[in-house]
Amino acid sequence: MSLIARRVFVKGLRVEAAIGIYDHEHGRTQPLIIDAVFDLERHEIHGLNDTLNYELVGQIARDFIARGHIKLVETLAEDMARTLVALPHVLRVEVSVIKPEALSDADQAGVCVVYEND
């Protein structure tokens with residue numbers, strides 16, 4: 001047997017962010033739900049240094065949010081994905097940012113981006 005892929009994921013990370021392009025979205029925060037799925041290198045794992053610490057996903061999201069108002073969920077998703085794909089052992093990352101209050105007649109609206117190491 002051989003290992004085909006190793007995926008690490010964080011699903012349903014809930015954060016509050018100052019985000020949006022409309023006037024009514026300024027001066028307040030809104031909930032966001034973030035998912036991240038990573039394809040990692042295939043090697044033996046003996047400790048945390050050999051894999052991805054998923055706590056980094058929340059930390060990186062909060063760091064970008066702390067910088068101030070974000071206009072688009074696409075910006076947050078792409079900034080996060082570029083940062084996450086550069087972490088050790090990461091070959092590919094898929095980041096989804098969902099803005100549950102974006103549309104009153106839809107359960108979810110958002111964006112998904114995929115970045116790969118060159």
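Helices (H or I, at least four residues) and strands (E, at least two) are taken here as DSSP runs, numbered from the N terminus. On that basis, the protein chain of this predicted model contains 2 helices and 4 strands. Along the sequence these elements follow the pattern β-β-α-α-β-β. The strands form an open antiparallel sheet, and both helices lie across parts of that sheet: H1 across E1 and E2, and H2 across E2, E3 and E4.

**Overall dimensions and surface**

- Taken along the principal axes, the C-alpha atoms of the protein chain fill a box of roughly 55 × 30 × 25 Å.
- The protein chain has 118 residues, of which 39% are buried.
- About 7,400 Å² of the protein chain is exposed, and carbon and sulfur atoms supply 50% of that area.
- Among contacts with a separation of 6 or more, 62% are between residues 24 or more positions apart.

**The sheet**

- The 4 strands are arranged in the order E1-E2-E3-E4, with antiparallel pairing.
- Strand E1 (6-17) and E4 are the edge strands, each pairing on one side only.
- From one strand to the next, the twist averages 15 degrees.
- E1 and strand E2 (residues 30-40) run antiparallel and are joined by 10 bridges.
- Within this pairing, Arg7 stands opposite Asp39 in E2, and Phe9 is placed opposite Val37 in E2.
- E2 also pairs with E3 in the antiparallel sense, over 8 bridges, and Asp35 stands opposite Ser96 in E3.
- Strands of a sheet pair through backbone hydrogen bonds, in either a parallel or an antiparallel manner.

**Helices over the sheet**

- Helix H1 (residues 55-66) runs at about 35 degrees to E1.
- Helix H2 (residues 73-85) runs at about 160 degrees to E3.
- E2, which lies under both helices, is mostly covered, with 10 of its 11 residues buried.

**The nonpolar core**

- The largest nonpolar core comprises 32 residues, and those with the most contacts inside it are Phe38, Met80, Leu84, Val95 and Val97.
- E1, E2, H1, H2, E3 and E4 each contribute at least two residues to this core.
- H2 provides the largest share of the core, 7 residues.
- In soluble globular proteins, nonpolar side chains tend to be buried together.

**Phe38 and Val97**

- Phe38 lies in strand E2 and counts as buried because its relative accessibility is 0%, against a cut-off of under 20%.
- Not counting residues up to four places away in sequence, Phe38 touches Arg6, Arg7, Val8, Leu52, Val57, Leu84, Val90, Arg92 and Val93.
- Phe38 and Lys11 are 27 residues apart in sequence, and their C-alpha atoms are 11 Å apart in space.
- Outside its neighbours within four places in sequence, Val97 is in contact with Leu32, Ile33, Ile34, Val73, Leu76, Ala77, Ala109, Gly110 and Val111.

**Lys99**

- Lys99 is located in the loop between strand E3 (90-98) and strand E4 (110-116).
- Lys99 is classed as buried because its relative accessible area of 11% falls under 20%.
- Apart from neighbours within four places in sequence, Lys99 is in contact with Ile19, Gly20, Glu25, Gln30, Pro31, Leu32, Val73, Ala109 and Gly110.
- Leu32, Val73, Ala109 and Gly110 appear among the contacts of Lys99 and also among those of Val97.

Key:
Residues numbered from 1 in each chain as written. Predicted model: local features only at pLDDT ≥ 70, side-chain atom pairs only at ≥ 80, totals over all residues. Heavy atoms only, no water. Buried < 20%, exposed > 50% of the residue type's maximum accessible area, 1.4 Å probe, protein only. Contact = heavy atoms within 4.5 Å. Pairing = 2+ DSSP bridges. Axes fitted to C-alpha atoms, helices over the stretch in contact; angles between N-to-C directions. Core = buried A, V, L, I, M, F, W, Y, C linked by side-chain atoms within 4.5 Å. Areas by Shrake-Rupley, 256 points an atom, 1.4 Å probe, with all protein chains shown as cover.
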